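The following report treats one protein chain, with attention to strand pairing, aromatic contacts, nonpolar cores and backbone geometry.

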Amino acid sequence: MLSLDNQNKGFFNFIFKNIFSRLSTRLKSSGGRPSAPLGSRILTNPDDIFKHNMWDHVQWTEEDKENARKKAQENSCVQIPLREQGKFDTEAHQYWDKFYEMHRDKFFKDRKWLFLEFPELLPLDANSRATTRRQGDRQVGIPSPGGSNMDSETSHHQHSGTTHCRPNADCQTACQGASQEKNEDATQTSTFPGQHASFRILEVGCGVGNSVFPIVNSIKETDAFLYCCDFSPRAIQLVKDHPDYDDSVCHAFVHDICEEMASFPFPPQSLDVILAVFVLSSIHPERMQRAVNRLSTCLKHGGIFLFRDYGRYDFSQLRFKKGRCLSENFYTRGDGTCVYFFTKEVHEIFSSAGLEELQNLEDRRLQVNRGKKVVMHRVWMQSKYRKSYPPSPS
């Protein structure tokens with residue numbers, strides 16, 4: 001956290017000089033437009049910093065990087081003893097159940113940015129309507145992804161990287177291709193929820209539905225169906241009790257994605273899209289790969305895995321006190337819930353699961369507390385991976 005009174009003007013001058021160079025590179029590499037929106041609020045004048053809650057596309061100085069590295073090294077030098085760590089894994093669902101018992105659906109806001117970042121969530125017939133609706137939202141003043149809505153959930157217990165993304169149209173086409181693929185497993189199995197849908201989405205770790213209901217309200221009157229799961233029974237009950245819950249387009253169920261013997265309510269290779277937003281970070285690092293491997297078997301060939309989560313040296317990592325670290329870049333909060341901070345290993349996790357990279361980028365922003373006159377560095381990872389089609393027989 002940085003106070004403006006003590007802030008070196010050189011920090012901002014460096015940002016201004018490099019932001020446009022970075023954006024220019026991204027524009028050239030993606031046919032004249034950013035490869036993903038990731039906000040469009042660019043700070044061009046230091047005097048304007050407290051005019052908004054968030055500034056996009058921020059590049060760190062070497063000094064920023066070194067300070068962050070030192071803070072992370074300092075707060076992780078004392079780790080919780082191994083004999084005390086097991087409960088944070090084996091009792092994770094209980095900690096999250098208590099979290100939802102306390103906060104219910106009042107803690108996180110609905111993800112208004114979801115379709116801007118992940119248009120692949122919508123079948124083509126819903127996409128045009130969602131685009132029109134988003135344009136209307138902007139006209140009536142609903143905040144963009146660069147505003148405070150995106151961050152409300154990431155401040156739990158406060159609580160720029162390179163992109164290889166192909167244009168979103170390519171990702172969208174891949175999803176639509178997957179939705180048309182004939183799936184023998186799906187057609188030959190017994191009845192299951194959403195079996196007649198041509199476009200199926202799964203959100204893992206859905207919590208109380210902050211992604212669920214924006215999706216549900218966008219896919220009504222389409223041939224799409226949403227599955228959503230969480231390992232907290234209390235969270236799933238809150239989803240089912242929501243007035244917008246509609247079992248004709250959505251099926252919510254309790255499920256632990258780390259439990260390899262647990263079954264899904266749909267056949268293998270029947271999903272067009274899997275969404276995991278601030279979910280994998282709550283899993284022990286040693287269990288992440290198996291969870292992603294298993295989830296990838298649910299995707300059709302051509303299906304897309306959408307991922308967004310905490311990035312290395314995010315403000316929420318640097319503010320941890322000594323004694324909360326479980327292992328490198330993995331911490332437990334005061335309520336027992338855990339969080340991991342990702343970097344380049346995201347690519348290794350998804351590619352090891354047999355998925356092809358479409359996008360893997362680091363999203364760096366400045367979050368501003370205008371009341372206290374402080375700014376905070378936020379870092380998130382955002383990725384899109386596709387399940388490739390098998391090679392054609394020669």
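## Strand β4 and its partner

In this predicted model, the bridge partner of E203 in β4 is C228. The two strands concerned, β3 and β4, run parallel and are joined by 6 bridges. Strand β4 is mostly covered, with 7 of its 7 residues buried. In a regular strand the side chains alternate between the two faces of the sheet. In β4, A224, L226, C228 and D230 point one way, whereas F225, Y227 and C229 point the other way. The residues of both sets are buried.

## Confidence of the prediction

The mean pLDDT of the protein chain is 78, and 71% of its residues reach 70 or more. Residues 6-36 have a pLDDT below 50, and this stretch makes 54 contacts in the model beyond near neighbours in sequence. The pLDDT is also below 50 over residues 132-167, a stretch with 91 contacts beyond near neighbours in sequence.

## Aromatic pairs and charges over rings

A pair of aromatic rings is described by the distance of the centres and the angle of the planes. The count for this model comes to 15 aromatic pairs. Two of them are listed below, each with its class.

| Pair | Centre to centre | Angle between planes | Class |
|---|---|---|---|
| Y227 and F266 | 4.7 Å | 50° | tilted |
| Y331 and F341 | 5.9 Å | 75° | edge-to-face |

Which parts of the chain does the pair of Y227 and F266 tie together? Y227 lies in strand β4, while F266 lies in the loop between β5 (250-254) and β6 (271-277), so the pair ties together parts that are 39 residues apart in sequence. Y227 counts as buried because its relative accessibility, 0%, is under 20%. F266 is buried as well, with a relative accessible area of 6%.

For the second pair, the planes of Y331 and F341 stand at 75°, so the arrangement is edge-to-face, the cut-off for that class being over 60 degrees. Y331 belongs to strand β9 (residues 330-332) and F341 to the loop between β10 (338-340) and α13 (345-352), so this pair ties together parts that are 10 residues apart in sequence. Both Y331 and F341 are buried.

One aromatic cluster is formed by F305, F307, F330, Y340, F342, F350 and Y385. Aromatic rings also lie beneath charged groups in this model: the charged end of R308 sits over the ring of W113, 5.5 Å from its centre. Likewise, the charged end of K373 sits over the ring of F50, at 4.8 Å from the ring centre.

## Nonpolar cores

The largest nonpolar core has 41 residues, and those with the most contacts inside it are L202, F266, F305, F342 and F350. The elements giving two or more residues to this core are β3 (199-204), β4, β6, α11 (285-296), β7, β10, α13 and β12 (374-387). Helix α11 supplies the largest share, 4 residues. F305, F342 and F350, named among the residues with the most contacts inside the core, are also members of the aromatic cluster.

What does L202 contact beyond its neighbours within four places in sequence? Its contacts include Y227, C228 and C229, which are residues of β4. Further contacts of L202 are made with F253, F264, F266, L271, V273, I274, L275 and L295. Apart from the largest core lies another core of 37 residues, among them W113, V212, V277 and I304.

## Positive phi values and a further position

E221 has a positive phi of about 65° although it is not a glycine. This residue is placed in the loop between α9 (212-219) and β4 (224-230). With a relative accessible area of 79%, E221 is exposed. Y313, also a residue other than glycine, has a positive phi near 75°. Its place is in the loop between β7 (299-310) and α12 (315-318). Y313 is partly exposed, with a relative accessible area of 23%.

Q237 is located in helix α10 (residues 233-241). Is Q237 buried or partly exposed? At 41% relative accessibility, Q237 counts as partly exposed, because this value falls between the cut-offs of 20% for buried and 50% for exposed. The C-alpha atoms of Q237 and G207 are separated by 9.9 Å, although the two residues are 30 residues apart along the chain.

Key:
Residues are numbered from 1 along each chain as its sequence is written. This is a predicted model: local features need pLDDT of at least 70, side-chain atom pairs count only at pLDDT 80 or more; totals for chains, interfaces and linings use all residues. Side-chain values use heavy atoms; hydrogens and water are left out. pLDDT is the predictor's confidence in each residue, from 0 to 100. Contact means heavy atoms within 4.5 Å. Buried means under 20% relative accessible area, exposed over 50%, partly exposed in between (1.4 Å probe, protein chains only). Rings of Phe, Tyr and Trp (its six-membered ring) pair if their centres lie within 6.5 Å; planes under 30 degrees apart count as stacked, over 60 as edge-to-face and the rest as tilted. A charge sits over a ring if NZ of Lys or CZ of Arg is within 6 Å of the ring centre and within 35 degrees of the ring normal. A nonpolar core is a set of buried Ala, Val, Leu, Ile, Met, Phe, Trp, Tyr and Cys residues joined through side-chain atoms within 4.5 Å. Two strands pair if DSSP finds at least two bridges between them.
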